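Here are my notes on the model, as numbered points you can check against the viewer. Skim them in any order.

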Amino acid sequence: MNRAVVTAMTEAGETADTLAAQVGVDPKTAARWASHGRIPRPQTRRRVAAVLGREVTELWPDVLKRREPAWFRRWVDIEREAVALRWFELTWVPGLLQTEAYARATLAGEKLTTDDVGRLVEARLQRQAILRRDNPPMLVVVLDELVLRRSAYGDRALMREQCEHLVACGTHPTTTIHVVPASVGMYPGLGGPFILAELDDGSVLGHADSQTEAKIIDNPADVATLGRRWERIRGEALSRTQSLELIGEAAASWT
């Protein structure tokens, strides 16, 4: 028995029937969550935790097990400690803002087992917890508009959901999303995506991906170069309000 779930349901005055109705599942499914080892999907876990007034990791401690690749763990630790994140993406929605379906789509076609995909998606969604904690980092994202327009293997509903999720995220007081419109010609962002993480002591580290490796950038001169590149890219982007309007238009276009 998962005593944490049972206790939380009791204290919240919820039964399997009432919990199921609020979360949107069958009561039999909700009842199974009281069993040890029965862990709902990530989106459902978040809904259950919200209804019961608990943290996901209080109800299902096993989700704390690290599932991200070993080579990526240092950056995940940096991300968790960051007080501010500046993230430019040219091709994908940033991992911290991806829906579960979108995250799965980014792994399609790779030589991965079903379990591998599940582990990697779970790791990516776990990282998003930093945006829901009491002291979330300030997150500023700049996206190229083509990120919003690129089809996910023809799944229009998936892209509509992802764009709507971006709008919801972009209205949070500590998250700002800007879009570089397609009307902009060549600009510095075409050199590739990167992230800048500012830590509590004022230091800044960078992260850049390529097709073969991910690199943490800690050389001050290189970090400064990325900082200047960020300012130039941000200068090409729309305002926060204009960007959210454009993302909303993109969502509607996927209907």
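How are H10 and H12 oriented to each other, roughly parallel or roughly antiparallel? Keep in mind throughout that this is a predicted model.

1. **The H10/H12 packing.** Helix H10 covers residues 156-170 and helix H12 covers residues 240-253. Their axes sit 8 Å apart and make an angle of about 160°. Angles over 145 degrees count as roughly antiparallel, so that is the answer for H10 and H12. As for handedness, H10 and H12 cross in the left-handed sense.

2. **Either side of H10.** Have a look at the loops here. Tyr 153 belongs to the loop between helix H9 (146-149) and H10. Its phi is near 55°, a positive value in a residue that is not glycine. For context, most residues other than glycine have a negative phi. Tyr 153 is also exposed, at 66% relative accessible area. Thr 171 is in the loop between H10 and E3, and with 55% relative accessibility it counts as exposed too. If you want a long-range distance to check, the C-alpha atoms of Thr 171 and Arg 229 are 26 Å apart, with the two positions 58 residues apart along the chain.

3. **The annotated span.** An unreviewed UniProt entry carries the annotation "domain: DUF5753" for residues 72-248. In the model, that span is 42% helix and 19% strand, and its end C-alpha atoms lie 32 Å from each other.

4. **Aromatic pairs, part one.** There are two aromatic pairs in the structure. Phe 88 and Tyr 187 make an edge-to-face pair, because their planes stand at 85°, with the ring centres 6.2 Å apart. Phe 88 comes from strand E1 (residues 84-89), while Tyr 187 comes from the loop between strand E3 (175-180) and strand E4 (194-198). The pair therefore ties together parts that are 99 residues apart in sequence. Phe 88 is buried, at 0% relative accessible area, and Tyr 187 is buried as well, at 8%.

5. **Aromatic pairs, part two.** Phe 88 also pairs with Phe 194: the centres are again 6.2 Å apart, but the planes are at 50°, so this pair is tilted. It links distant parts of the chain, from Phe 88 in strand E1 to Phe 194 in strand E4, 106 residues apart. Phe 88 and Phe 194 are both buried. Taken together, the ring pairs join Phe 88, Tyr 187 and Phe 194 into a cluster.

6. **A salt bridge between helices.** The structure has nine salt bridges. One of them pairs Glu 122 with Arg 45, where the closest N and O atoms are 2.3 Å apart. Glu 122 is in helix H8 (residues 114-127) and Arg 45 is in helix H4 (residues 42-52), so the bridge ties together parts that are 77 residues apart in sequence. How accessible are the partners, buried or exposed? Both Glu 122 and Arg 45 are buried.

7. **Salt bridges within a helix.** Arg 80 and Asp 77 bridge with their closest N and O atoms 3.8 Å apart; the cut-off is 4 Å. Both residues are in helix H6 (residues 73-81), three residues apart, about one turn of the helix. Arg 80 is partly exposed at 39% relative accessibility, and Asp 77 is partly exposed at 30%. In helix H7 (residues 100-106), Arg 104 and Glu 100 are four residues apart and so separated by about one helical turn. Their side chains meet in a salt bridge at 3.6 Å, N to O. Here the partners fall into two classes: Arg 104 is partly exposed, at 31% relative accessible area, whereas Glu 100, at 4%, counts as buried.

8. **A shared-partner network.** One last item on charged side chains: Glu 11, Arg 54 and Glu 58 are joined into one network by salt bridges that share partners.

Terms used:
Residues are numbered from 1 along each chain as its sequence is written. This is a predicted model: local features need pLDDT of at least 70, side-chain atom pairs count only at pLDDT 80 or more; totals for chains, interfaces and linings use all residues. Side-chain values use heavy atoms; hydrogens and water are left out. UniProt positions are given in the numbering used here, feature names are shortened, and annotations may be inferred rather than shown by experiment. Helices (H or I, at least four residues) and strands (E, at least two) are DSSP runs, numbered from the N terminus. Rings of Phe, Tyr and Trp (its six-membered ring) pair if their centres lie within 6.5 Å; planes under 30 degrees apart count as stacked, over 60 as edge-to-face and the rest as tilted. Buried means under 20% relative accessible area, exposed over 50%, partly exposed in between (1.4 Å probe, protein chains only). Axes are lines fitted to C-alpha atoms, for helices over the stretch in contact, and angles run from 0 to 180 degrees between N-to-C directions. Angles under 35 degrees count as roughly parallel, over 145 as roughly antiparallel, 65 to 115 as roughly perpendicular and the rest as oblique. A crossing is left-handed if the near helix is turned anticlockwise from the far one by less than a right angle, and right-handed if clockwise.
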